[in-house]
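Here are a few exercises to work through with the model open beside you. Try each one before reading its solution.

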Amino acid sequence: MNWTNLLIIFAMSIAIFFVYSIVNINYLSKLKVSKWTVLVVSLVFLFIGLIIPAYTDNLIIHYIPTAIFVFFFLWYSDLSGLSKIGAPKNRTAATNTTTIRPKAKPNKLKYVDEKDIVKSEEIKGKNKLFKKKQK
């Protein structure tokens with residue numbers, strides 16, 4: 001392989017990615033297509049790209065089915081979520097915003113302080129829980 005073929009492949013890969021990005025934003029994101037049909041179409045173009053060099057010697061015609069395969073495979077990777085592997089996850093969506101609170105039990109006092117108990121004159125003698133020491 002000489003340098004011209006390498007430069008053609010490099011330029012074609014940049015062009016395919018640029019065209020795919022533009023078409024994906026404007027058109028492909030609005031289409032509802034099964035990811036498996038896109039994968040089958042891309043594999044068909046891959047096999048066509050393997051067969052074409054046996055019939056012609058034109059270098060550009062060799063790369064066209066491969067370029068179409070790469071385009072469809074990029075679309076398949078977007079549809080199946082392969083392009084999001086390794087990307088940082090959204091923390092706000094992952095955390096649960098609702099908190100689970102225990103049911104209130106009004107007749108159960110966990111911590112009782114003397115200042116929290118309401119004292120009146122008639123109840124003062126009956127409250128044996130907090131007796132003050134008399135001197």
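The exercises below go from the whole chain to one helix and then to one residue.

This is a predicted model, in which local features need pLDDT of at least 70, side-chain atom pairs count only at pLDDT 80 or more, and totals for chains, interfaces and linings use all residues. Residues are numbered from 1 along each chain as its sequence is written, and side-chain values use heavy atoms, with hydrogens and water left out.

**Exercise 1.** Work out how many helices and strands the chain has.

Solution. Assign DSSP runs, numbered from the N terminus: helices are H or I of at least four residues, strands E of at least two. The result is five helices and zero strands. Next, take buried as under 20% relative accessible area and exposed as over 50% (1.4 Å probe, protein chains only). Buried residues account for 16% of the 135 residues.

**Exercise 2.** Find which residues of α2 are buried, and how they are arranged around its axis.

Solution. Start with the helix itself: α2 covers residues 35-51. Its buried residues are Val38, Leu39, Ser42 and Gly49. Seen down the axis, they fall within an arc of 100° (taken from the directions from the axis to the C-beta atoms), so they line one face of the helix. This buried set packs against α3, with contact meaning heavy atoms within 4.5 Å. Trp36, Val40 and Phe47 are exposed on the face turned away from the buried side.

**Exercise 3.** Decide whether Ser77 is buried or exposed, and list what it touches.

Solution. First locate Ser77 in helix α3, residues 59-80. Ser77 is buried, because its relative accessible area is 10%. Its side chain reaches the backbone oxygen of Leu74 at 2.7 Å. Not counting residues up to four places away in sequence, Ser77 touches Leu82 and Ser83.

Key
Polar contact = N/O pair within 3.5 Å; in protein donor to acceptor, adjacent residues only side chain to side chain. Expected span 1.5 Å × (residues − 1).
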